[in-house]
Amino acid sequence: MEQKNNYSIIVPTYNERLNIALIVYLIFKHLRDVDFEIIVVDDGSPDGTQEVVKQLQKLYGEDRILLRPRPKKLGLGTAYIHGLKHASGNFVVIMDADLSHHPKYLPSFIKKQSETGASIVTGTRYVRGGGVHGWNLMRKLTSRGANVLAQTLLWPGVSDLTGSFRLYKKSVLEDVISSCVSKGYVFQMEMIVRASKKGYHIEEVPITFVDRVFGSSKLGGSEIIEYLKGLSYLLVTT
Ligand SMILES: Nc1nc2c(ncn2[C@@H]2O[C@H](COP(=O)(O)OP(=O)(O)O)[C@@H](O)[C@H]2O)c(=O)[nH]1
Ligand SMILES: *[C@@H]1O[C@H](CO)[C@@H](O)[C@H](O)[C@H]1NC(C)=O
Ligand SMILES: [Mg+2]
């Protein structure tokens with residue numbers, strides 16, 4: 001008998017005490033009739049995120065909410081790799097904990113995958129029905145500009161390169177992630193560009209990205225410089 005599809009949802013957290021319960025609640029609310037587990041990869045958040053996750057485990061069960069912590073903040077790319085090692089589903093979803101990636105979109109990712117047989121379904125802000133909410137004009141222009149630049153140079157056939165709300169066949173994620181080296185925003189771009197160059201079937205679904213309400217962003221600093229460095233690197237290596 002063919003295996004029924006099931007899903008491991010990897011949620012990396014750093015200081016997400018105020019968001020994690022809500023995101024878990026919303027995932028359960030929107031994914032009825034689907035077999036899934038949520039894997040929280042918390043990097044020793046000082047705000048007590050893990051205590052909240054343990055409470056959630058009591059409520060939903062340790063088989064549904066897996067806490068796979070690491071001792072300290074080691075970055076997002078390796079957090080996904082760590083979570084992936086513990087994933088038992090044949091599909092993996094990667095999403096942020098801060099509600100910028102709303103769980104209400106999960107059914108559309110699953111539906112798109114099953115209709116098309118795609119290896120990757122990626123959420124996009126840059127098609128009809130998608131967008132961003134809560135960003136000022138400067139941030140919108142920067143993000144849009146970065147995306148257009150990368151589109152032009154890399155030609156990946158995907159409209160949103162830096163978004164990180166995605167569904168992968170587990171084997172495909174394992175393959176693509178092992179060939180990626182960059183960090184931060186560039187990591188998401190590298191993942192999708194490499195996947196595209198490897199010839200994987202990628203589909204998109206529109207999402208609206210909402211800026212976080214609780215807590216603060218962990219990515220910052222010289223993002224634009226890092227982005228341009230990453231872009232040049234991808235240009236010469238893919
Ligand atoms: N485990 C882990 N999670 C992280 C780390 N950095 C950020 N995160 C989480 O990754 C997600 C995206 O980070 P965020 O700060 O919201 O980035 P932004 O949305 O691009 O500003 C959130 O769920 C964070 O809690 C890290 O070093 N380790
Ligand atoms: C998915 O199904 C496999 C095979 O039945 C099982 O071993 C695994 O625990 C399931 N994982 C999830 C997340 O449902
Ligand atoms: Mg965020």
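Colleague: Which residues is Thr13 in contact with, leaving aside its neighbours within four places in sequence?

Modeller: A good place to begin, bearing in mind that this is a predicted model. Contacts with residues further along the chain show what a side chain packs against, and contact here means heavy atoms within 4.5 Å. Beyond its sequence neighbours, Thr13 touches Ile20, Val40, Val41, Asp42, Asp43, Ser45, Thr49 and Ala97. Thr13 itself is part of strand 1.

Colleague: Is Thr13 buried or exposed?

Modeller: The general idea is a cut-off: a residue is called buried under 20% relative accessible area. Thr13 has 4%, so it is buried.

Colleague: Ile20 was on that list, and it belongs to helix 1. Which residues of helix 1 are buried?

Modeller: Start with the geometry of helices. An α-helix has 3.6 residues a turn, so residues three or four places apart point the same way. In helix 1, which covers residues 20–30, the buried ones are Ile20, Ile23, Val24, Leu26, Ile27 and Phe28.

Colleague: And what do the buried residues of helix 1 pack against?

Modeller: Their partners include three strands, namely strand 1 (7–13), strand 2 (36–42) and strand 3 (65–67). Helix 2 (49–60) and helix 4 (106–116) are partners as well.

Colleague: How should I read the backbone of Asn15? What is its phi?

Modeller: With a phi, look at the sign and at the residue type together. Asn15 has a positive phi of about 55°, although it is not a glycine. Asn15 sits in the loop between strand 1 and helix 1, and its relative accessibility is 25%, so it counts as partly exposed.

Colleague: Where is Leu99, and what is its phi?

Modeller: Leu99 also is not a glycine and has a positive phi, of about 75°. Its loop runs between strand 4 (91–94) and helix 4. Leu99 has 19% relative accessibility, so it counts as buried; the cut-off for that word is under 20%.

Colleague: Let's turn to a charged residue. Why does Arg70 count as buried?

Modeller: The class of a side chain does not enter into it; the label rests on accessible area. Arg70 has a relative accessible area of 9%, so it is buried. Arg70 is in the loop between strand 3 and helix 3 (76–85).

Colleague: Which polar partners does the side chain of Arg70 have?

Modeller: For polar contacts, look at the distances between N and O atoms, here within 3.5 Å. The Arg70 side chain makes a polar contact with the side chain of Asp43 at 2.8 Å. A polar atom of the Arg70 side chain also lies 3.0 Å from the backbone oxygen of Gly75. Among the other residues that Arg70 touches are Val41, Asp42, Gly44, Thr78, Ala79 and His82.

Colleague: Now ligand 2. Which residues are around it?

Modeller: Read a ligand site as a shell, then look at individual atoms. The shell of ligand 2 consists of Gln3, Asn6, Tyr7, Glu37, Ser88 and Gly89. By class, one is nonpolar, four are polar and one is charged. An N or O atom in the Asn6 side chain is 2.3 Å from an oxygen atom of ligand 2, while a polar side-chain atom of Ser88 is 2.8 Å from a nitrogen atom of ligand 2. Taken alone, ligand 2 exposes 360 Å², and the protein buries 51% of that.

Colleague: What does the UniProt record place at residues 8–176?

Modeller: An annotation is read as a span to lay over the model. In the unreviewed UniProt entry, residues 8–176 carry the feature "domain: Glycosyltransferase 2-like". In the model, this span is 41% helix and 19% strand, and its end C-alpha atoms lie 17 Å apart.

Key: Residues are numbered from 1 along each chain as its sequence is written. Chains are lettered from A and ligands numbered from 1 in the order in which they are written. This is a predicted model: local features need pLDDT of at least 70, side-chain atom pairs count only at pLDDT 80 or more; totals for chains, interfaces and linings use all residues. Side-chain values use heavy atoms; hydrogens and water are left out. Buried means under 20% relative accessible area, exposed over 50%, partly exposed in between (1.4 Å probe, protein chains only). Helices (H or I, at least four residues) and strands (E, at least two) are DSSP runs, numbered from the N terminus. UniProt positions are given in the numbering used here, feature names are shortened, and annotations may be inferred rather than shown by experiment. A residue is near a molecule or strand if one of its heavy atoms lies within 4 Å of it. A polar contact is a pair of N or O atoms within 3.5 Å; within protein, one must be able to donate a hydrogen and the other to accept it, and residues adjacent in sequence count only if both atoms are side-chain atoms. Accessible areas come from the Shrake-Rupley method with a 1.4 Å probe; for residues, only the protein chains shown count as cover. Ala, Val, Leu, Ile, Met, Phe, Trp, Tyr, Cys and Pro count as nonpolar, Asp, Glu, Lys and Arg as charged, and the others, Gly among them, as polar.
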